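Got the viewer open and a selection box ready? Let's take a short walk through the model, one stop at a time.

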Amino acid sequence: MQYKPYGKTGKSISVIGSGGMRFDDPDDIDANAETLLYAYEKGINYFDTAPIYCNDKSEETFGAAIKQMKPGSFYVSTKSGQSDGGKLTESLERSLRRLGVERINFFHIWCVVTLEDWGQRKSGGAVAAALKAKDQGLIEHLCVSSHLQGAQLRDVLGEGYFEGVTVGYSAINFPYRAEGLAAAEEMNLGVVTMNPLGGGVIPQNPELFQSLMQPGDKSVVEAAIRFNISHSAITAALVGFGNKQHVDDAVAAVENFKLYDQQTLTEIKQNIHAHALFKNLCTGCGYCLPCPQGLNIPQLMDAYNFTILHDAHYKTPADRLKLHWNLTPSAAASCTQCRECEKKCTQHLPICERMKEIAELGTGD
Ligand code: SF4
Ligand code: SF4
C-alpha cells in the first residue's frame, strides 16, 4: 500500500480509503465488517462512513470492524449534515457510540452543496458546535465534504475552518473540481476523493473511458483509480468495497504503481476530452456561470449527462437531480433562454435546449 501525508495533520493515510456505502448486502453487518478488516489487513488505514449510509447500518458495521483493529493503527472519518449546532452534537455523539471510539479522527461538515447551504451551517451553529467538539477532543480534525464548484470551494476553504476536504473527483467531472483542488493544495489541506469511478458510470461505459487506460492498466477501473490518486493535490481516493474481491482489485491498482507525472495526467485529460461522446457531456467546469437567473447550470447539466451515459444507479435524469443534487427539474424552468451561458460554455453545448428539456421533466413535481 502507498501512503500520502494528509495536509498539515502529521498523519499519513493510504491512497485508497475504504468507503462505507456500497456493501453488497448492506444489512449483513458481520460480512461487511469482515470486508473492512480484510481491507485493513491489506494496509488500508482510512475508513470513511456516515450516518444513513447502507440503511443507516454503515457506522455500526465500521464499529464492528474497528473493535478488532489495533488502536492507533487506523483513522475513522464520519460526517454530519446538520445545520443546527445541537443536532450536529447529537449526531456526533451517536456516531461516537456506534463506532465505539472516543473521538473521530476526521469529522466532516457533510455535503455542502451551495454557498447558501454553507451560510446555514455557520448561522445554524453547526460549525461552532463542531469546533467546540474539537476543543473537547471528540473530533481530531475538522473537514468538509462538498459538491461546490471549484471557485466556491476555494472561498469556503479560505475561511480557514478546515484541515481537509472530501470531494467527488473522476474522469467525468475533473474540470469542475480543478480550482477547488488547486486551492486545497495551496493551503496544504488533505484531499480525499469520492466516486473515483464516477459513481459506477466509468465501468458501465468502458468504451467512453478507454482513453484513461495506460500501458499496464488491466481495466478501466484500475485506470480510473490511478488517474485519481496521481493528482498531486489528492491524498486518497475512497472506494466503496462491496466485498473482498473489490478490495483486491483496488489494492492491485496501487501496488507497484508509480504515480503518473503531470505530463501524463495532462495527456490523459486531453484524450478524454477528444472523445466524440465526451464532447457532448457537461464537464461541470462552471465557466458558464453566473446565470442571471441564478440557475446552477453545472448541476442541471450534470443530470442531463445521464441521458447520454448509462448509469444503473439512476433511472432518469430527474432521479440524478434529486438524489445527487437535491433539486427538482423545475429548477430549470426559470431559464429565460438569454444564451449568455452558451457564449461561455467550454464544451459549446446547447444549454438552452437542455434547460428546456430538463424543465419538461418536471411536469408534476
Ligand atoms: S440561457 Fe438560461 S441558463 Fe443560460 S444564462 Fe440565460 S437564463 Fe441562465
Ligand atoms: S455547461 Fe459548459 S461551461 Fe457550463 S459547466 Fe457544463 S461544460 Fe462547463
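The domain bounds used here come from an automatic or database domain assignment. With that in mind, colour the protein chain in two blocks: domain 1 covers 3–268 and domain 2 covers 281–361. Put a marker on the C-alpha centre of each domain and you'll find domain 1 and domain 2 26 Å apart. Keep in mind that this is a predicted model.

**Stop one: the aromatics**

Show the rings next. The structure has twelve aromatic pairs. To see one of them, select Tyr46 and Phe106: their ring centres are 5.4 Å apart with 50° between the planes, a tilted pair. Now turn on the cartoon. Tyr46 belongs to strand β4 (residues 46–48) and Phe106 to strand β6 (residues 104–112), so this pair ties together parts that are 60 residues apart in sequence.

Buried or exposed, where does Tyr46 fall? Tyr46 is buried, at 0% relative accessible area. Phe106 is buried too, with a relative accessibility of 0%.

For another tilted pair, jump to Tyr161 and Phe162. Here the planes stand at 55° and the centres are 6.1 Å apart, so the pair counts as tilted. Switch on a surface and check each partner: Tyr161 is partly exposed at 28% relative accessible area, whereas Phe162 is buried at 4%.

Before leaving the rings, go back to Tyr46 and Phe106 and add Tyr6 and Tyr75 to the selection; the four residues make up one aromatic cluster.

**Stop two: ligand 1**

Centre the view on ligand 1. Which cavity does ligand 1 take up? The space it fills is the largest cavity.

Now show the side chains around ligand 1. Among the surrounding residues are the cysteines Cys291, Cys335, Cys338, Cys341 and Cys352. Add Pro292, Gln293, Ile297, Thr336, Gln337 and Arg339, which also belong to the residues around ligand 1. Colour this shell by class and you get seven nonpolar, three polar and one charged residues.

**Stop three: Lys322**

Last selection: Lys322. Look along helix α14 (residues 317–325) to find Lys322. With a relative accessible area of 45%, Lys322 is partly exposed. Then pick Ala303 and draw a distance between the two C-alpha atoms: Lys322 and Ala303 are 9.2 Å apart in space, with their positions 19 residues apart in sequence.

Terms used
Residues numbered from 1 in each chain as written. Chains lettered and ligands numbered in written order. Predicted model: local features only at pLDDT ≥ 70, side-chain atom pairs only at ≥ 80, totals over all residues. Heavy atoms only, no water. Phe/Tyr/Trp six-rings, centres within 6.5 Å; stacked < 30°, edge-to-face > 60°. Helix = DSSP H or I, 4+ residues; strand = E, 2+ residues; numbered from the N terminus. Buried < 20%, exposed > 50% of the residue type's maximum accessible area, 1.4 Å probe, protein only. Near = heavy atom within 4 Å. 1 Å grid on protein atoms, 1.4 Å probe; cavity = no way out; pocket = protein on both sides within 12 Å on 5 of 7 lines; lining within 4 Å. Sits in = over half its atoms within 2 Å of the grid points. Nonpolar A, V, L, I, M, F, W, Y, C, P; charged D, E, K, R; others polar.
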